[in-house]
Amino acid sequence: MADGWCTDTGESVYRSRDAVKNLRIRVRIQRVTSTAALSQHLHQQMISQQERGVIELETFSSQTRSASTTDEEELVVGWQEKFFSQYEVDLYQTESNCQTPLERQYHTEIMATERSKRRQNQRIFTYTDFDRFSKWEEQAQSLLTPAQSKPTILAERMANVRHRRQERRPVESNVPKSRLITWEPSEEFIKNSHIINTPVQTMYIMGDLGPSGKLGLKENEYILCTIKADGNGVITIKPDFNNNRGAYRLETEGEKREVWRLYLENASSDIHAEEKEREQRMYRDLYTRHKDYLNSLVGQDFEMPPPGILRLIVNGEIVSAQGFEYDNLYVHFFLDLPNSWSSVPLQCLSGVTQTCRTHSMGKEDVAFFSYPFSFETFFHKEDESDGSLSQWPVLYFKVLSLDFWQRYRTEGYGFLVIPSTPGCHKMTCRTWRPVQLGTVAELRRFFIGGAPELEDISYVRIPGTFKGERMSRFGFRTQTTGNVTFTLNCIQHARAFIDASTLKKRRQTVLDQLGGHSQQGSVYNVLEAFQRAHKRMQEARETLPRDLITTSAQLNLESSA
């Protein structure tokens with residue numbers, strides 16, 4: 001907004017569930033040039049002089065009043081409501097100028113208005129969707145950008161398509177079994193199949209901004225507002241309503257270049273309370289029927305896992321990898337299920353991403369995979385007497401690179417423990433790879449792609465075949481490489497989550513031992529640990545000699561003093 005003017009003259013799109021015929025727009029134009037300001041100043045000065053009895057300017061006063069009445073006009077316009085301009089009044093008054101049935105209808109309406117002398121407008125008028133101006137305006141709109149000098153094929157064909165009032169052709173239900181591809185399409189086929197054709201009705205609110213006493217010239221007609229509406233309830237208005245903003249600035253062409261203010265206001269009447277309630281009740285009934293219809297399609301039975309079984313669904317994504325030595329990275333991963341875990345039959349628990357080139361972001365090269373994967377697993381602990389903490393599934397992965405000669409190198413190994421809490425988790429995992437000492441190993445890796453590899457990828461964490469108490473990796477040399485980012489959406493499903501009474505009675509069941517399923521179990525374990533510690537402190541205090549306890553109490557009193 002500059003100097004009180006509203007400079008945002010772009011179009012606004014509204015969606016209305018009400019009929020577009022109820023749309024009303026209040027339009028007001030006002031001249032703000034120096035000529036109008038001077039006439040208003042002279043009119044006020046003349047009134048003050050008449051009160052003093054100095055001069056009598058009745059003739060000038062009448063001219064000034066007539067000029068001021070044409071410098072400002074306000075009109076409420078409805079959707080597709082026709083208001084005639086002075087040019088149309090002069091044209092259609094002569095019956096010989098009327099050729100079409102619409103023009104003859106305009107002649108009848110204009111003659112009736114002239115006889116009743118109840119014309120509501122002088123400068124503001126409208127062109128409806130049925131007038132020739134709407135067709136001319138659509139054809140005059142340029143479909144080119146300033147950078148283009150020659151129209152494209154689509155622009156040429158779109159110029160010949162009527163968006164308004166075009167009949168919708170019914171879609172044929174049968175699909176041809178042969179000739180699914182048309183190798184040589186005709187012009188009619190292209191026009192009907194490759195151009196979006198949405199019926200749109202258009203209306204223009206115009207203004208005759210010519211000098212007073214010279215109304216009715218085509219060169220003084222200006223578009224004040226353009227309104228378009230389709231059958232889906234979408235209404236486009238250009239420019240938008242002022243909405244307590246400044247007025248729009250209109251500047252005429254020619255020698256005088258007068259300036260006008262334009263105000264647009266939504267004057268549509270509000271719906272009555274009874275009609276609104278009836279409409280809301282109708283929509284509620286419609287939504288209820290639609291909900292019942294969807295429920296009938298889905299069914300009432302919700303799939304539940306068997307009792308004592310936890311269902312875990314993981315919808316994950318390998319987002320990116322960064323910090324690796326070579327380019328053209330890809331990730332090979334698989335899900336390891338511990339004891340008491342199972343998966344859906346015929347479900348693949350491994351996968352390989354696509355090969356992705358890296359892009360420099362800051363100081364590191366990043367490869368964006370955005371590779372989705374999904375796992376569905378079940379947990380069932382047969383022996384509940386075993387108090388050991390159950391393990392969660394682990395996602396093992398390794399990052400590899402591929403060069404121009406189709407040689408691959410191992411860039412790093414890593415693992416990811418599936419989170420025990422449901423929800424969305426974003427995790428970044430560091431990787432490493434085994435190395436050998438000496439220059440020969442690095443030359444072999446650079447030239448022929450050979451590098452040490454793990455025979456068992458679970459060695460990254462704790463191998464599943466390890467049964468001892470301590471595992472030594474002394475002498476095993478590794479090198480830290482890059483990191484891989486994962487996004488995991490975990491869903492947990494079990495009958496025990498629904499039955500609250502079951503959770504209260506069986507706190508130390510399998511579902512609580514899994515960790516993250518029940519906060520009550522965690523709080524219970526913490527309180528129990530505190531009780532055990534407090535009990536051990538009391539037992540130690542009772543075993544100490546009484547004189548030692550008295551001496552320590554005296555020392556505390558002396559230190560506090």
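**Salt bridges, strands and packing in a predicted model**

The count of salt bridges comes to 17. The structure is a predicted model, and the values reported below are computed from it. As background, side chains of opposite charge can pair when their charged atoms come close. Three of these pairs are described in turn, followed by a network.

In one salt bridge, Arg 28 is paired with Glu 72, and the closest N and O atoms are 3.3 Å apart. This pair links distant parts of the chain, since Arg 28 belongs to strand E2 (residues 24-31) and Glu 72 to strand E3 (residues 72-78), with the two positions 44 residues apart in numbering. Arg 28 has a relative accessible area of 24% and is partly exposed. Glu 72 is likewise classed as partly exposed, at 39% relative accessibility.

Another salt bridge is formed by Glu 251 and Arg 257, with a separation of 3.2 Å between the closest N and O atoms. Glu 251 counts as partly exposed because its relative accessibility is 38%, which lies between the limits of 20% and 50%. Arg 257, at 46% relative accessibility, is also partly exposed.

The salt bridge between Arg 409 and Asp 403 has its closest N and O atoms 3.7 Å apart. Here the relative accessible area of Arg 409 is 4%, and the residue is therefore buried, the cut-off being under 20%. Asp 403 is buried as well, with a relative accessible area of 15%. In addition, Arg 26, Glu 74 and Glu 265 are joined into one network by salt bridges that share partners.

The strands around E5 were examined next. Strand E5 (residues 200-208) is mostly covered, as eight of its nine residues are buried. E5 pairs with strand E4 (residues 124-127) in the antiparallel sense, over four bridges. Within this pairing, Gly 207 of E5 stands opposite Ile 124. E5 also pairs with strand E6 (residues 221-230), again in the antiparallel sense, and here the pairing runs over nine bridges. In that arrangement Met 203 is placed opposite Ile 227 of E6.

Ile 227 appears again in the nonpolar packing. In soluble globular proteins, nonpolar side chains tend to be buried together. The largest nonpolar core in the model has 31 residues, and those with the most contacts inside it are Val 27, Ile 227, Leu 262 and Leu 264. Two or more residues each are given to this core by E2, E3, E4, E5, E6, E7, E8 and strand E9 (259-266). The element that gives the most is E6, with five residues.

Empty space inside the model was also considered. Rolling a probe the size of a water molecule over the atoms shows where empty space is left. The structure holds two cavities of 30 Å³ or more. For the second largest cavity, the volume is about 30 Å³. Its lining is made up of Leu 312, Val 314, Leu 335, Phe 375, Glu 376, Thr 377, Pro 393 and Ile 418. Strand E10 (310-322) and strand E15 (364-379) are the elements that give two or more residues to the lining of this second largest cavity. The largest share, three residues, comes from E15. By residue class, the lining of the second largest cavity divides into six nonpolar, one polar and one charged.

Several features of the backbone complete the description. Most residues other than glycine have a negative phi, and most peptide bonds are trans. A cis peptide bond is found between Lys 238 and Pro 239, with omega about -5°. Pro 239 lies in the loop between strand E7 (234-238) and strand E8 (248-251).

Positive phi values occur at two further loop positions described here. Ser 340, a residue other than glycine, has a phi near 75°. Ser 340 is located in the loop between strand E11 (329-336) and strand E12 (341-343), and at 33% relative accessibility it counts as partly exposed. Leu 346 has a positive phi of about 65°, although it is not a glycine. The loop that contains Leu 346 runs between E12 and strand E13 (350-352). Leu 346 is exposed because its relative accessible area of 92% is over the 50% limit.

Technical notes: Residues numbered from 1 in each chain as written. Predicted model: local features only at pLDDT ≥ 70, side-chain atom pairs only at ≥ 80, totals over all residues. Heavy atoms only, no water. 1 Å grid on protein atoms, 1.4 Å probe; cavity = no way out; pocket = protein on both sides within 12 Å on 5 of 7 lines; lining within 4 Å. Points joined across faces, edges and corners; volume = space filled by probe spheres on them. Nonpolar A, V, L, I, M, F, W, Y, C, P; charged D, E, K, R; others polar. Salt bridge = Lys/Arg side-chain N within 4 Å of Asp/Glu carboxyl O. Buried < 20%, exposed > 50% of the residue type's maximum accessible area, 1.4 Å probe, protein only. Pairing = 2+ DSSP bridges. Core = buried A, V, L, I, M, F, W, Y, C linked by side-chain atoms within 4.5 Å.
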